[in-house]
Amino acid sequence: MQFSREQTREFLFACASIASDAITPKKPGEKLVEVKMDDGWSVAINAPGKLAPAERRAMATLDGLGKGTQTKSTTPKRSMARDWPSR
């Protein structure tokens, strides 16, 4: 029974995502799709709105992680080949 409910939830979430993408006039923060199940599970998809200051800082931090923040390593690179003693 639990597996069946999980599958139903995944299916409903996928359908809600597709339906929310199809809605064209979106106001920031507007609730586009809401799905509720009889056991209390629900999902609501809202249109993207204005970011809160904390969300904006977090996004800026995450965006900056991949842009030139790597430092050069001072340790020599190791070779994958091993020198085995000759016999």
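Guide: Welcome! A nonpolar patch gathers Val, Leu, Ile, Met, Phe, Trp or Tyr side chains within 5 Å of each other, from residues with over 30% relative accessible area and no salt bridge (like charges are joined within 9 Å instead). This is a predicted model, where local features need pLDDT of at least 70, side-chain atom pairs need 80 or more, and totals for chains, interfaces and linings use all residues. Residues are numbered from 1 along each chain as its sequence is written, and side-chain values use heavy atoms, with hydrogens and water left out.

Visitor: Which residues make the nonpolar surface patch here?

Guide: L51, M59, L62 and L65 make it, and the patch covers about 400 Å² (areas by the Shrake-Rupley method with a 1.4 Å probe, only the protein chains shown counting as cover for residues). M59 sits in helix α2, residues 53-65 (helices are DSSP runs of H or I with at least four residues, strands are runs of E with at least two, numbered from the N terminus).

Visitor: Why is M59 called partly exposed?

Guide: Buried means under 20% relative accessible area, exposed over 50%, and partly exposed in between. M59 has 44% relative accessibility, so it counts as partly exposed. L12, in helix α1 (residues 2-22), has 24% and therefore also counts as partly exposed.

Visitor: What does L12 contact?

Guide: Leaving aside neighbours within four places in sequence, L12 is in contact with V35, M37 and W41 (contact means heavy atoms within 4.5 Å). The C-alpha atoms of L12 and V43 are 8.8 Å apart, although 31 residues separate the two along the chain.

Visitor: What makes up the largest nonpolar core?

Guide: Seven residues do: A16, L32, V33, V35, V43, I45 and A47. The name fits buried Ala, Val, Leu, Ile, Met, Phe, Trp, Tyr and Cys residues joined through side-chain atoms within 4.5 Å. Strands β1 (31-36) and β2 (42-46) each supply at least two residues of this core, and β1 gives the most, with three. Core member A47 also is in contact with K26, K27, P28, G29, E30 and L32, again leaving aside neighbours within four places.

Visitor: How do you know that D38 and R5 form a salt bridge?

Guide: A salt bridge is a side-chain nitrogen of Lys or Arg within 4 Å of a carboxyl oxygen of Asp or Glu. The closest N and O atoms of D38 and R5 are 3.0 Å apart, and the pair forms a salt bridge. D38 lies in the loop between β1 and β2 and R5 in helix α1, so the pair ties together parts that are 33 residues apart in sequence. D38 has 69% relative accessibility and so counts as exposed, while R5, with 25%, is partly exposed.

Visitor: How many salt bridges does a search of the whole structure find?

Guide: Six! Among them, R5 and D39 meet at 3.7 Å, N to O, and E34 and K36 meet at 4.0 Å. Salt bridges that share partners join R5, E6, R9, D38 and D39 into one network.

Visitor: What makes the meeting of D39 and R9 a polar contact?

Guide: A polar contact is a pair of N or O atoms within 3.5 Å; within protein, one must be able to donate a hydrogen and the other to accept it, and residues adjacent in sequence count only if both atoms are side-chain atoms. The side chains of D39 and R9 make such a contact at 2.2 Å. D39 is in the loop between β1 and β2, and a polar atom of its side chain lies 3.2 Å from the backbone nitrogen of W41.

Conventions
Buried < 20%, exposed > 50% of the residue type's maximum accessible area, 1.4 Å probe, protein only.
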